[in-house]
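Reader: I'd like a close look at one part of this protein, the nonpolar packing inside it, and then how a few single residues fit around that. Could you take me through it in plain terms?

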Amino acid sequence: MIEDKYNLGFFPTPLQKLDKISQLFSGYTIYIKRDDHTGLASGGNKTRKLEYLIKKAITQGCDTIITAGAQQSNHCRQTAAACAIAGLECHLLLGGKKPEVYEGNLLLSSILGANIHFTGDNRKGEDIPALKKDLEEKNNTCFVIPYGGSNITGALGFVNAVKEVKEQLVEQNLKIDYIFFASSSGGMQAGLTLGKELYSLNSELVPISIDKDETNGQSLEKVVFDIVKEGASILKIKKDFRQSDIHLNRDYDKDGYGVVTQNEINAMNQLARKEGILLDPVYTARAFYGMLDCLQNQKIQVNSNVLFWHTGGLPAIFKHANQWK
């Protein structure tokens with residue numbers, strides 16, 4: 001099952017040490033996993049999910065993909081690119097009103113050939129059923145990818161990612177104590193949770209919440225738990241997961257989804273100017289800030305090796321250009 005995918009990205013992505021950032025935090029050595037280098041229309045972590053989702057769509061004989069997100073959705077941009085490669089019609093339901101000028105991920109989604117539908121307050125796929133019905137009446141065979149690509153099919157991409165990272169750690173003779181990453185729609189967190197158990201990865205996951213809103217009436221913890229339970233059954237993992245096993249750091253999501261504060265800007269500037277690596281302002285900057293705050297205030301064990309999983313998102317920077325002056 002884990003090998004059954006449609007190849008879309010460049011793997012393995014690099015795992016490297018952040019020498020200058022590590023020097024700022026006595027007692028911690030910091031590494032980064034570069035999923036901004038997956039290669040699909042400027043890269044990002046969603047490529048891993050889409051390899052499994054696109055494969056399933058093709059296997060089911062579908063010719064049309066429908067998914068949803070915010071206007072600067074990295075998931076939607078990568079879905080548009082994946083559809084271009086696979087020869088599938090792509091429909092994106094994006095929150096908000098149609099802007100006069102397309103920027104960032106929205107511009108790239110358009111260039112990649114996606115059919116874009118603007119859906120006002122609904123950015124998590126609430127309007128998908130109506131569009132699906134309309135397209136099916138026109139003889140399209142539709143495959144729906146949920147918000148963020150977060151179901152068990154998409155999560156398999158991050159089960160496989162744990163296998164990849166485990167091999168890199170063995171090769172580098174390296175032990176990672178903590179893995180920090182942005183968690184928003186839940187598929188990555190679910191996949192890492194399953195992969196950690198399946199491949200005996202002895203690292204503590206520290207998912208940083210990016211979006212305080214619920215998804216279709218469910219908390220992110222519940223979304224992750226449901227995927228993990230389903231995945232454990234499919235992958236024949238013996239551990240009896242409970243919802244209390246699903247941890248989420250919500251210390252940094254109070255400003256809401258997509259609200260870029262000075263914390264995110266400072267985190268972006270610091271990594272860029274110390275290591276030459278660009279974060280995006282919505283996901284990775286918030287998660288990176290959260291990690292730095294945990295290190296600064298020693299919220300995790302001192303004398304630890306820490307990995308930051310960079311999930312990509314470069315195009316969204318340009319939408320927020322007016323915040324750098």
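Author: First, a word we'll need all the way through: two residues are in contact when they have heavy atoms within 4.5 Å of each other. Keep in mind, too, that this is a predicted model.

Let's try the word out on valine 224, which sits in helix H8, residues 220–234. Setting aside neighbours within four places in sequence, valine 224 is in contact with Gly186, Gln189, Ala190 and Ile246. Is valine 224 buried or exposed? Its relative accessibility is 0%, so valine 224 counts as buried, the cut-off for that being under 20%. For a sense of distance, take aspartate 211: it is 13 residues from valine 224 along the chain, and their C-alpha atoms are separated by 14 Å.

Now step back to the whole chain for a moment. Its secondary structure comes to ten helices and nine strands. A compact globule of 325 residues would have a radius of gyration near 20 Å, and the chain has 19 Å, so the two agree. Along the principal axes, the C-alpha trace spans about 60 × 55 × 35 Å. Of the 325 residues, 57% are buried. The contacts reach well along the sequence: if you take those between residues at least 6 apart, 79% of them join residues at least 24 apart. On the outside, the accessible surface comes to about 13,900 Å², and carbon and sulfur atoms hold 46% of that. As for charge, there are 37 positive and 37 negative ones, and their mean positions are 2 Å apart.

On to the packing you asked about. In soluble globular proteins, nonpolar side chains tend to be buried together. Here the largest nonpolar core has 34 residues, and Phe180, Phe288 and Met291 are the ones with the most contacts inside it. Which elements each supply at least two residues of this core? On the strand side they are E2 (28–34), E7 (178–183), E8 (204–209) and E9 (304–310), and on the helix side H9 (262–275) and H10 (284–296). Helix H10 gives the most, with seven residues. Zoom in on phenylalanine 288 and, leaving aside neighbours within four places in sequence, you'll find it in contact with Leu18, Ile21, Ala267, Leu271, Leu279 and Phe308. Apart from this core lies another one, of 22 residues, with Leu8, Leu53, Ala82 and Leu106 among them.

Leu53 turns up again if you look at glycine 149. This glycine is in the loop between strand E6 (142–144) and helix H6 (152–171). Leaving out neighbours within four places in sequence, glycine 149 is in contact with Lys49, Leu53, His75 and Gly154. Histidine 75 is 74 residues from glycine 149 in sequence, yet the two are 7.3 Å apart in space, C-alpha to C-alpha. Despite its place in a loop, glycine 149 counts as buried because its relative accessibility is 0%.

For contrast, try glutamine 270, which has its place in helix H9. With a relative accessible area of 25%, glutamine 270 is partly exposed. Leaving aside neighbours within four places in sequence, glutamine 270 is in contact with Ile21, Leu24 and Leu292. Ile21 is also on the contact list of phenylalanine 288. Tyrosine 252, 18 residues from glutamine 270 in sequence, is 18 Å from it in space, C-alpha to C-alpha.

Last, the backbone has a few spots worth clicking on. Most residues other than glycine have a negative phi, and most peptide bonds are trans. Between phenylalanine 11 and proline 12 the peptide bond is cis, with omega about 0°. Proline 12 belongs to the segment before strand E1, residues 15–17. Then look at the loop between E2 and H2, where you'll find alanine 41 and serine 42. Alanine 41 has a positive phi, near 50°, and serine 42 has one too, near 90°. How exposed are they? Alanine 41 counts as partly exposed at 26% relative accessibility, and serine 42 is partly exposed as well, with a relative accessible area of 34%.

Notes:
Residues are numbered from 1 along each chain as its sequence is written. This is a predicted model: local features need pLDDT of at least 70, side-chain atom pairs count only at pLDDT 80 or more; totals for chains, interfaces and linings use all residues. Side-chain values use heavy atoms; hydrogens and water are left out. Helices (H or I, at least four residues) and strands (E, at least two) are DSSP runs, numbered from the N terminus. The radius of gyration is taken over C-alpha atoms; the globule rule is 2.2 Å times the number of residues to the power 0.38. Buried means under 20% relative accessible area, exposed over 50%, partly exposed in between (1.4 Å probe, protein chains only). Accessible areas come from the Shrake-Rupley method with a 1.4 Å probe; for residues, only the protein chains shown count as cover. Lys and Arg count as positive and Asp and Glu as negative; His and the chain ends are not counted. The place of a charge is taken as NZ of Lys, CZ of Arg, CG of Asp or CD of Glu. A nonpolar core is a set of buried Ala, Val, Leu, Ile, Met, Phe, Trp, Tyr and Cys residues joined through side-chain atoms within 4.5 Å.
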